[in-house]
Amino acid sequence: MNNRLIDLYKKEFKSNPEKYFMSPCRINLIGEHTDYNAGLVLPAAISKYIHAVVGKRNDKKIHLKSLNKLGDVEVDLDKVSNSPENKWGNYPLGIFATLQKRGYKLPFGLNIIYSSNVPIASGLSSSASMLDLTAFIASVMYNIPLPNDEIALLAHQSETEFNGLQCGIMDEFAIALGKKNKCIFLDCGTNKFTYEDVDFKDLSLVVIVSNVKRALIASPYNQRVAECNKSLDILKKHFSIKSLSDLKVSDLDECKKLLSNDILYRRTKHVVSENQRVKDFIEASKVGNVEKMCDLLNKSHESLRDDYEVTGEYLDYLHDISLKYGAYAERMTGAGFGGSSIAVIKKGDFEVFRQEIINAFYSKYRIKPLVFLADICDGLMVKDIKVNKK
Ligand code: GLA
């Protein structure tokens, strides 16, 4: 618990907070840009957290404060809408609007103070973390029993309907369902998942946050979603499929003929081949074939670079220098267009690798990336705040 946050709450709201919440961020091992195509993903929660202290109010206002963002946001629960005045608050506020849309009565307001040790817009999904966190806060404080996968679905509904981002469900699931030392093998077509042990044996998994800023809504993310839908519309007339993920690698030659547009073909090829890579990765991991696992991670990056075109200059540079400085594998993780990547390196090489990556990236772009060992952790957490009665 961060006592500074609790003290700030007492000072700001002249009352005691009741609960302390934490929500992790996520990486995705493999299965990129497949979730909104009802495909396969393999993410995991990592121990970079957003914290929140929360207490009830006597009125029906939601008062949001953040140690990382400028300006408080205060909105009446009966009048929650997405408005530019709410600034960063539009993310968490969407949860309250979505719950009310689903018919839940929220009889009192809340004070929430957030604090994050996650770089914002870094590709580690701090936004989904904040959404899951707020959905969890609401379920606990209003006594609405929601299992973790329902928390993820509520957060996802809020992000797509209230915030207008056409993203898939991977991030919200990865954070809400996180489990220590486990990856989540999720089928985004059925929302069914299993926990997988992914063991790199004598190698370590590293996270590299490029620190190149990006805005997802303004990025070509929604454009990629539209391209996939366009391709699906064409291919549906010839294959009996509901999503691009129903296609097999052996269908790709036929797809090439049917999709006269090369861009649509390459987007389709990425989705179909990436789903296969996820399956192959799980198989390789089950038999301890680390070389194959690393090869698949590199192939995933190449496909995202050459066919899906979402890596961009900075993440491609990180890929190249990581391999140059001894990584066995390196790939972008998350949406791309800046953001973060993961690398697999020899255990014990971490400090040297970290310094080499920082130096090379800084000397080219004057931006210092953040490099740390991945610590795969549990998902959402809540604790009671004990008040010392004097
Ligand atoms: C972002 C989105 C996810 C997913 C990834 C790409 O992180 O929020 O839903 O689409 O990009 O795999």
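Start at H33 and show its backbone: a polar backbone atom there sits 2.7 Å from an oxygen atom of the ligand. Keep in mind as you go that this is a predicted model.

Next, add the side chain of D35. One of its N or O atoms lies 2.5 Å from a ligand oxygen atom. Then move to A335, where the backbone comes into play again: a polar atom of the A335 backbone is 3.3 Å from an oxygen atom of the ligand. If you switch on a surface here, how much of the ligand does the protein bury? Taken alone, the ligand exposes 310 Å², and the protein buries 97% of that.

Now select the whole shell: R26, E32, H33, D35, Y36, C167, G168, M170, D171, Y221, G334 and A335 are the residues around the ligand. Colour them by residue class and you will find five nonpolar, three polar and four charged.

For the second stop, leave the ligand and pick two helices, α8 (residues 262-286) and α9 (residues 290-306). Their axes come within 10 Å and cross at roughly 170°. Angles over 145 degrees count as roughly antiparallel, so α8 is roughly antiparallel to α9.

To see where the two helices touch, show side chains on both. On the α8 side, select R266, H270, S273, E274, R277, D280, F281, A284 and S285. Their counterparts in α9 are K292, M293, L296, L297, K299, S300, S303, L304 and D306. What mix of residues makes up this contact? Across the contact of α8 with α9 there are six nonpolar, five polar and seven charged residues.

Conventions:
Residues are numbered from 1 along each chain as its sequence is written. This is a predicted model: local features need pLDDT of at least 70, side-chain atom pairs count only at pLDDT 80 or more; totals for chains, interfaces and linings use all residues. Side-chain values use heavy atoms; hydrogens and water are left out. A residue is near a molecule or strand if one of its heavy atoms lies within 4 Å of it. A polar contact is a pair of N or O atoms within 3.5 Å; within protein, one must be able to donate a hydrogen and the other to accept it, and residues adjacent in sequence count only if both atoms are side-chain atoms. Accessible areas come from the Shrake-Rupley method with a 1.4 Å probe; for residues, only the protein chains shown count as cover. Ala, Val, Leu, Ile, Met, Phe, Trp, Tyr, Cys and Pro count as nonpolar, Asp, Glu, Lys and Arg as charged, and the others, Gly among them, as polar. Axes are lines fitted to C-alpha atoms, for helices over the stretch in contact, and angles run from 0 to 180 degrees between N-to-C directions. Helices (H or I, at least four residues) and strands (E, at least two) are DSSP runs, numbered from the N terminus. Angles under 35 degrees count as roughly parallel, over 145 as roughly antiparallel, 65 to 115 as roughly perpendicular and the rest as oblique. Contact means heavy atoms within 4.5 Å.
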